[in-house]
Amino acid sequence: MAEYRLCLLLLSLTTIISYSVQSLGSPPPLRSPSYKRAPRFLGRFSGPTKSHLQIQPQYETKYFEQRLDHFSFSDLPTFQQRYLVSTEHWIGPQRLGPIFFYCGNEGDIVWFANNTGFVWEIAPQFGAMVVFPEHRYYGESFPFGSKDEAYKNATTLSYLTTEQALADFSVLITELKQNLSCKDCPVVLFGGSYGGMLAAWMRIKYPHIAIGALASSAPILQFEDIVPPETFYNLVSSGFRRESSSCFNYIKQSWSDLASTGQTNDGLVQLTKTFHLCQELKRTEDLSDWLESAYSYLAMVNYPYPSEFLMPLPSHPIREVCKRIDGCPAGTSIAERIYEGVNVYYNYTGEAACFELDDDPHGMSGWNWQACTEMVMPMSSSQELSMFPTYEFNYSSFQEECLKDFGVKPRPKWITTEFGGHNIHATLKNFGSNIIFSNGLLDPWSGGSVLKSISESIVALVTEEGAHHIDLRASSPADPDWLVEQRATEIKLIEGWIDSYHEKRKVTFSM
């Protein structure tokens, strides 16, 4: 799937056209299921954007010289890691002002800073410094001088790992605290999606660096066989089914119609016209990927208010998509219904004249690399519960595709070896503390996260109507009561971590 191609989280599909066209036989599979990688997260949308925060963040943009390889003593080149820092509300080292540290995701850090209003809004009441570091190999933080050189081959990309990224964050925090004479100031980690995974893993791996972590929409269990591989697409599908069973069925039927139409002599031309594509469609798979991405992202950002997080969208966007699919006049083809629906996602403002399908023409997204090395998140699509084409994850074929794309073999068990995952409840109960796992059950990534509290300090906050890390977004007058209450609970827990830290220091110094 498109998401799969690019690489993950976070996440496309479609239809046909005229029923007067004669099918040439049984439709072929829409794609080789073995080539699927985990649906991408939201990093593909990251880029310099205007801020939609009610509180406009004021920060300095700085650069920190990082080692290329933290786990080697070889004389390797360094690179400049970009980070955003604000001390506007920081009460300083004498009063042990906390440091709120967002674990940068797979994209431009400015975009994530502008879309993480919760951190900026609560910083004044805590007297906190705010730091948004950029993840290596994304945004402007490229080793080897440029993106082209950094993404050149498997050798140059080999330093793009979660372990190196967490080491970057840990070194940056340590140096910042030394330079600002604030080595005793407590650090609280924040992160959403992949950034949420990094926040949770960093709290586990570097407990001396940070006192706690808010990991929002963090699917740390979406590896190996910890959760059923069909979980993600079943949850996407349930979001559509809950709005309309007929909408769900139209989408489910559209795949075979798409394949049949693509087999006819002028089928690709017809699909190009129906979906208002800028270039003539070459393969039905490209259209299906495009649609599949839209459905998956719609499930992720199914917020209860209008948003522009990914695209300009109405409140409850899946509801609006299904209204348009179901509301077409009798006799409307499935292809035309699907176009009307997906137009909500790709063109809600009505400004697009046509659509480009290929958002990564060179196939060299950093996330593709991560998905082909350590971030192996098996995905399947079930026949009964999914509206997507049925397929089973095939590791052998997946490995072949990664060998073809990057010349590397995936290591599907490395993440759980490095950070755990199996029997996570017992592990975190015995060895973990001060982590909030927040999830909304509308978010398809919630199925791979921690949904039950493990101890008094490993807390799961789960909301029925929440979508992808909605709690980290800026507050709004349109926020429902449950969201206001969830954020209040998170603030109270963070206050508890900081208070406990201060109490322990008092006890230590009084002895």
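Visitor: Which residue caps the N-terminal end of helix 15?
Guide: This is a predicted model, in which local features need pLDDT of at least 70, side-chain atom pairs count only at pLDDT 80 or more, and totals for chains, interfaces and linings use all residues. Residues are numbered from 1 along each chain as its sequence is written, and side-chain values use heavy atoms, leaving out hydrogens and water. A polar contact is a pair of N or O atoms within 3.5 Å; within protein, one must be able to donate a hydrogen and the other to accept it, and residues adjacent in sequence count only if both atoms are side-chain atoms. Here the backbone nitrogen of Ser396 lies 3.1 Å from a side-chain oxygen of the capping residue, Asn394.

Visitor: How far does helix 15 reach from its first C-alpha to its last?
Guide: Helices (H or I, at least four residues) and strands (E, at least two) are DSSP runs, numbered from the N terminus. Helix 15 covers residues 395-406, which is 12 residues. The expected span is 1.5 Å times one less than the number of residues. The helix comes close to that expectation, reaching 16 Å.

Visitor: Within what arc do the buried residues of helix 15 fall?
Guide: Buried means under 20% relative accessible area, exposed over 50%, and partly exposed in between (1.4 Å probe, protein chains only). The buried residues are Ser397, Phe398, Glu401, Cys402 and Phe406. They line one face of the helix, because, seen down its axis and taking directions from the axis to the C-beta atoms, they fall within an arc of 145°.

Visitor: Which exposed residues sit on the face of helix 15 turned away from its buried side?
Guide: An α-helix has 3.6 residues a turn, so residues three or four places apart point the same way. On the face turned away from the buried side of helix 15, the exposed residues are Glu400 and Lys404.

Visitor: How many residues of strand 5 are buried?
Guide: Strand 5 spans residues 187-192 and is mostly covered. One side holds Val187, Leu189 and Gly191, and the other holds Val188, Phe190 and Gly192, all of them buried. The count of buried residues is six of six.

Visitor: Which residue of strand 6 stands opposite Phe190?
Guide: Two strands pair if DSSP finds at least two bridges between them. Strand 5 runs parallel to strand 3 (residues 99-102), with four bridges, and Tyr102 stands opposite Phe190. Five bridges join strand 5 to strand 6 (residues 212-216), also parallel. In strand 6, the residue opposite Phe190 is Leu214.
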